[in-house]
Amino acid sequence: MAAARADITILGAGVVGMATAWAAARRGLSVQLVEGAQGPALGASFANGGQLSYAYTDAMAGPGLWKQLPGLFAGRDPAFRLKLDAHPAVWRWGLALLANANSTRLRRNTLDILALAQQSERRMQALLDQHPIDFQHRVAGKLHVYFSDAGLEAGRRMLELKRPHGVEQVMLDAAQVLEVEPALAQMTGIRGAVYSPGEAAGDPWKFATGLLDVLRERYGLQARFGFNVASITPDGAAWRLQSAQGEALTTRRLIVCAGIHSAALLRPLGVCLPLMAVKGYSLTAPCGSQAPAVSITDTARKLVFCRLGERIRVAGIADINDWSTEPDPRRFERFLQLARESLPGAADWDGISHRWAGLRPSTPTSTPIIANLQEGLTCNAGHGMLGWTLAMGSAERALQVALAEDPPRLAGHGSMA
Ligand SMILES: Cc1cc2nc3c(=O)[nH]c(=O)nc-3n(C[C@H](O)[C@H](O)[C@H](O)COP(=O)(O)OP(=O)(O)OC[C@H]3O[C@@H](n4cnc5c(N)ncnc54)[C@H](O)[C@@H]3O)c2cc1C
């Protein structure tokens, strides 16, 4: 059987799974890819914000979270929502998030993510030098725009934390912001920005489909799409994957890259992954007359704008503990309203081609879980807000861990394991 012949099986063909398949193939391993959908990157990776955020790696939980809590519970912040639930896993995750909401953890988690992001940037460049995949990749630069002095000060603190680690970021006042991106003249109330000139952007779906072609044509990757794994069980020295349709395959080495679904898949094996769905929305539309060329983060409305060729992608909203992948029409309308308010001329708002929602697989530390769970079974999941950014570096680490090239560890999860 083809499955038994592959050296390694990757479960999940999102950006993380595709990058992991590449990390295995480039080492000369024969790779099998197993995916429930009919193609790559149709889950959380499909229409994400497009930002390869190699410098902006700030963890979700920090001291500022405590101030946001009353607004979150009262539903006052249009960009955030919390679906309350009595399930103990939800409370465990929430308490673990709060345990990370202090400056010590914020610093540690942000620097952990930064190291992974820097590794991702290097690995992405190496891949593209070897195989120039077309996914509208470009170094667009990014402006993280602030509307208050307090916000700017918080931005400055994070910049100073990361600068000694080789991050290229500068503080700009409102006039300098317009020099970098004149299209921001339409945005009201700007106090200043953190400018990261080296930030990149690209279309994650195009990347995944392009990489799949390279892996199939040049590295003999075997891909099984439409194989929806219902269970993973030990089978002697191998792992058996049983599909919902009754098909089965075995493999000696398995890396689970199933995004938010990784927790449910691994729970029967006694593994408890601290993963929470944080639902977000995106839209893709033709560029408007004042579309920015530089990637923009509007910190007040918590939106990102990213130019992908002649299209603009806008992403935002964080609905914690919302597990439905269907876009809620009212939530989408609110998101669209925020986007139009933020940059009215950025897009042709009547020409929106994609209205999309996805579930960010989020951990309390914002760092992914890259670890050997049992002999021959490795996890590479939990990339939250930054999975597109972190995919290439995480893939490299997952292979190092799986092949014992590096001592196994639960990245950034010392307190969660
Ligand atoms: C609105 C939004 C905007 C975002 N913007 C950005 C951004 O600008 N920059 C950034 O870096 N990150 C961004 N992210 C985060 C990023 O998209 C995710 O972290 C990333 O896509 C996670 O990738 P993944 O491969 O782990 O998960 P997925 O893409 O969900 O892939 C998991 C795959 O596993 C498959 N699978 C699951 N269960 C099974 C099973 N039982 N059997 C077979 N297959 C299975 C799924 O079908 C899926 O294809 C954003 C996310 C959202 C929602």
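**The ligand shell, helix α11 and some buried residues**

In this predicted model, 37 residues surround the ligand, counting any residue with a heavy atom within 4 Å of it; the closest are E35, S45, G49, G384 and T389. Residue numbers start from 1 along each chain as its sequence is written, and side-chain values use heavy atoms, with hydrogens and water left out. As the model is a prediction, local features need pLDDT of at least 70 and side-chain atom pairs count only at pLDDT 80 or more, while totals for chains, interfaces and linings use all residues.

Several polar contacts (pairs of N or O atoms within 3.5 Å; within protein, one atom must be able to donate a hydrogen and the other to accept it, and residues adjacent in sequence count only if both atoms are side-chain atoms) can be picked out around the ligand. A ligand oxygen sits 3.0 Å from an N or O atom in the side chain of N48. A ligand nitrogen is 2.8 Å from a polar backbone atom of G49, and a nitrogen of the ligand is also found 3.4 Å from a side-chain N or O atom of N228. On its own the ligand exposes 1000 Å², and the protein buries 94% of that (Shrake-Rupley areas with a 1.4 Å probe; for residues, only the protein chains shown count as cover).

Which elements give two or more residues to this shell? They are α2 (15-25), β15 (276-286), β19 and α11, where helices are DSSP runs of H or I with at least four residues and strands are runs of E with at least two, numbered from the N terminus. Strand β19 gives the most, with four residues. Sorted by class, the shell has 17 nonpolar, 18 polar and two charged residues; Ala, Val, Leu, Ile, Met, Phe, Trp, Tyr, Cys and Pro count as nonpolar, Asp, Glu, Lys and Arg as charged, and the others, Gly among them, as polar.

Helix α11 deserves its own look. Its 16 residues (387-402) put the end C-alpha atoms only 20 Å apart, short of the 22 Å that a straight helix would reach at 1.5 Å a residue, the expected span being 1.5 Å times one less than the number of residues. The helix bends by about 35 degrees at G393, taken as the angle between axes fitted to the seven residues ending there and the seven starting there. As for cover, 16 of the 16 residues of α11 are buried, meaning under 20% relative accessible area, with exposed over 50% and partly exposed in between (1.4 Å probe, protein chains only). After α11 comes A404, with a positive phi near 55 degrees.

Positive phi turns up around β18 too. I317, in strand β18 (residues 311-320), has a phi of about 70 degrees although it is not a glycine, and is buried at a relative accessible area of 3%. N321, in the loop between β18 and α10 (329-342), likewise is not a glycine but has a positive phi of about 70 degrees; N321 is buried at 4%.

Two further residues pair burial with a side-chain contact. T365, in the loop between β19 (354-362) and β20 (369-374), counts as buried because its relative accessibility is 0%, and its side chain makes a polar contact of 2.6 Å with that of T367. D298 lies in strand β16 (residues 295-298) and counts as buried at 0% relative accessibility. The side chain of D298 makes a polar contact with the side chain of R301, at 2.6 Å.
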